[in-house]
Amino acid sequence: MLPRRSRSNREWGWETGPSSQKGENMAETQARKDWTKENTTFVGLKLNKRTDADILAAIDGKAKQTELKRLIRQGMKLEQPKQ
């Protein structure tokens, strides 16, 4: 017989993560959601461990989002037409 899966905090109805910070109310949470929707874009990236090993090695041990942004900006700077 398999062990029974315990319920997560979310399944129990308990708030988890950043929205449960002390002193935060529903309006602040909605304001944060609205701001995020208006000011950010999600970009997902799936890398293959075999064929993208060089990329994975370059970002290993670093803040992935920060390092990827830095490398993209570095590449953009190199591609700018010379005047």
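Arg70 is partly exposed, at 42% relative accessible area, and it's a handy place to start looking around this predicted model. The side chain of Arg70 meets that of Glu67 in a salt bridge, with N and O 2.7 Å apart. From there we can move out to helix H4, the largest pocket and the protein as a whole.

**Salt bridges**

- How many salt bridges turn up in a search of the whole structure? The search finds two.
- One of them is the Arg70–Glu67 pair you've just met.
- Another joins Lys62 to Glu67, where the closest N and O atoms are 3.7 Å apart.
- Put together, Lys62, Glu67 and Arg70 are linked in a network of salt bridges.
- The general idea is simple: side chains of opposite charge can pair when their charged atoms come close.
- Is Glu67 buried or exposed? Glu67 counts as buried, because its relative accessibility is 9% and the cut-off for buried is under 20%.
- Lys62 is partly exposed, with a relative accessible area of 41%.
- Arg70 and Glu67 sit three residues apart in helix H4, so about one helical turn separates them.
- As a rule, an α-helix has 3.6 residues a turn, so residues three or four places apart point the same way.

**Helix H4**

- H4 covers residues 64–79.
- What span should the 16 residues of H4 have at 1.5 Å a residue? They should span 22 Å, and the end C-alpha atoms are indeed 22 Å apart, so the two values agree.
- H4 is hardly covered, since just one of its 16 residues counts as buried.
- Leu68 is found in this helix too, and Leu68 is partly exposed, with a relative accessible area of 24%.
- Setting aside neighbours within four places in sequence, Leu68 is in contact with Leu45 and Ile59.
- The C-alpha atoms of Leu68 and Ala58 are 9.5 Å apart, with the two residues ten places from each other along the chain.

**The largest pocket**

- The largest pocket holds about 440 Å³ of space.
- To picture how such spaces are found, imagine rolling a probe the size of a water molecule over the atoms, which shows where empty space is left.
- Which helix gives the most to the lining of the largest pocket? Helix H4 does, with six residues.
- Leu68 is in the lining, along with its contact partners Leu45 and Ile59.
- Other lining residues include Thr41, Phe42, Val43, Leu47, Lys64 and Arg73.
- Sorted by class, the lining has seven nonpolar, two polar and three charged residues.

**The protein as a whole**

- The secondary structure comes to four helices and zero strands.
- Read along the sequence, that gives the pattern α-α-α-α.
- The protein has 83 residues, and buried ones make up 6% of them.
- Glu67, from the salt-bridge network, is among those buried residues.

Key:
Residues are numbered from 1 along each chain as its sequence is written. This is a predicted model: local features need pLDDT of at least 70, side-chain atom pairs count only at pLDDT 80 or more; totals for chains, interfaces and linings use all residues. Side-chain values use heavy atoms; hydrogens and water are left out. On a 1 Å grid over the protein atoms alone, a cavity is a set of points where a 1.4 Å probe fits but cannot get out, and a pocket is an open set with protein on both sides within 12 Å along at least five of seven lines; lining residues have an atom within 4 Å of a point. Grid points are joined across faces, edges and corners, and a volume is the space filled by probe spheres set on the points. Helices (H or I, at least four residues) and strands (E, at least two) are DSSP runs, numbered from the N terminus. Ala, Val, Leu, Ile, Met, Phe, Trp, Tyr, Cys and Pro count as nonpolar, Asp, Glu, Lys and Arg as charged, and the others, Gly among them, as polar. A salt bridge is a side-chain nitrogen of Lys or Arg within 4 Å of a carboxyl oxygen of Asp or Glu. Buried means under 20% relative accessible area, exposed over 50%, partly exposed in between (1.4 Å probe, protein chains only). The expected span of a helix is 1.5 Å times one less than its number of residues. Contact means heavy atoms within 4.5 Å.
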